[in-house]
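Let's take a walk through a protein model, starting with the whole chain and ending with a few single residues. Keep the viewer open and look up each residue as you come to it.

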Amino acid sequence: MSLPHAILTALLERPSSGLELARRFDRSIGYFWSATHQQIYRELGRLEQSGCIRALDSAQPARGRKKEYEVLPAGRAELAGWVSGREDPKPVRDPLLLRMRAAAVVGTDGLPDELRRHLALHERQLAEYTDIEARDFALNGEVTGQAGEMTEPARPTEADRLRHLVLRAGIDLERMWVEWLTEALREASAAPATSPTPAGSDGA
């Protein structure tokens, strides 16, 4: 995914100013595609120059007003073309996995503490994701109507289902990391602090 497509997605969901967009990246989109505020503002300028977005007219005075952007047809067509296109999976490049491989050569001294820190971070992220799921995608079997009678819950829209699916990917990924880190911590804590691989051993 590229930053321009992330911005187009966010603006199609809701026209926003640069500041609002940056805050939305910090709260939601940033969970799976991060960007600094400077990068977002720079990309907004490029998208505006290319005719993909435009600034909305504002009745406020120019001094100090927040410029809000909306997506133009060219921007929607660009995003739709990207959605229907092809892109290969990206290789995993995680320093922690390389560190584990290095520990097989030089030993695990100091590694358990780092694994515990990563485990705590992933447990915290998992808790945040599950809180969002409970808040925004509660799957109750019944809801109460205005008169107190039990009514059928509103059927989720396609957009709701797709957003929930993205969140579920995050939840499943964090659960995988929590499970893997728990096992890695158990193995690293049981291994001698210095247990270099014998000469000539290549491993996996």
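Of the 204 residues in this protein, 26% count as buried. Keep in mind that you are looking at a predicted model. The accessible surface adds up to about 14300 Å², and carbon and sulfur atoms account for 53% of that.

How many helices and strands does the protein have? There are 7 helices and 5 strands. If you trace the chain from the N terminus, the elements come in the order α-β-α-α-β-β-α-α-α-β-β-α. Contacts link distant parts of the sequence too: among those between residues at least 6 apart in sequence, 62% join residues at least 24 apart.

**The largest pocket**

Now look for empty space. Rolling a probe the size of a water molecule over the atoms shows where empty space is left. In this model, the largest pocket holds about 2300 Å³ of space. Its lining is made up of 50 residues, and those nearest the centre are Ser-28, Ile-29, Phe-32, Trp-33 and Val-166. The elements that give two or more residues to this lining are helix 1 (3-13), helix 2 (18-27), helix 4 (73-83), helix 6 (111-136) and helix 7 (158-190). Which helix gives the most to the lining? That would be helix 7, with 13 residues.

**Three buried residues**

Next, zoom in on Leu-11, Ser-16 and Arg-24. Leu-11 lies in helix 1, Ser-16 has its place in strand 1 (residues 16-17), and Arg-24 lies in helix 2. Here is how much of each one is accessible.

| Residue | Relative accessible area |
|---|---|
| Leu-11 | 2% |
| Ser-16 | 1% |
| Arg-24 | 5% |

Why does Arg-24 count as buried? Its relative accessible area is 5%, and buried means under 20%, so Arg-24 falls on the buried side of the cut-off. Ser-16 is buried as well, with a value of 1%, and so is Leu-11, with 2%.

Start with Ser-16. Its side chain reaches the backbone oxygen of Arg-14 at 3.0 Å. Leaving out residues up to four places away in sequence, Ser-16 touches Leu-11, Leu-21, Arg-24, Lys-67, Glu-68 and Tyr-69.

Arg-24 goes for the backbone oxygen of Arg-14 too: its side chain gets there at 3.1 Å. Apart from neighbours within four places in sequence, the contacts of Arg-24 are Ala-10, Glu-13, Arg-14, Ser-16, Ile-29 and Gly-30. You may remember Ile-29 from the residues nearest the centre of the largest pocket.

Then there's Leu-11. Beyond residues up to four places away in sequence, Leu-11 touches Ser-16, Leu-21, Leu-44, Ile-53, Tyr-69 and Val-71. Try picking Leu-11 and Gly-75 in the viewer: they are 64 residues apart in sequence, and 10.0 Å apart in space from C-alpha to C-alpha.

**A look at helix 5**

Last stop: helix 5, which covers residues 95-106 and so has 12 residues. From its first C-alpha to its last it reaches 16 Å, close to the 16 Å expected at 1.5 Å a residue. What happens at the two ends? At the start of helix 5, a side-chain oxygen of Asp-94 comes to within 2.8 Å of the backbone nitrogen of Leu-96. Just after helix 5, Gly-107 takes a positive phi of about 100°.

Definitions and conventions. Residues numbered from 1 in each chain as written. Predicted model: local features only at pLDDT ≥ 70, side-chain atom pairs only at ≥ 80, totals over all residues. Heavy atoms only, no water. Helix = DSSP H or I, 4+ residues; strand = E, 2+ residues; numbered from the N terminus. Expected span 1.5 Å × (residues − 1). Polar contact = N/O pair within 3.5 Å; in protein donor to acceptor, adjacent residues only side chain to side chain. Buried < 20%, exposed > 50% of the residue type's maximum accessible area, 1.4 Å probe, protein only. Contact = heavy atoms within 4.5 Å. Areas by Shrake-Rupley, 256 points an atom, 1.4 Å probe, with all protein chains shown as cover. 1 Å grid on protein atoms, 1.4 Å probe; cavity = no way out; pocket = protein on both sides within 12 Å on 5 of 7 lines; lining within 4 Å. Points joined across faces, edges and corners; volume = space filled by probe spheres on them.
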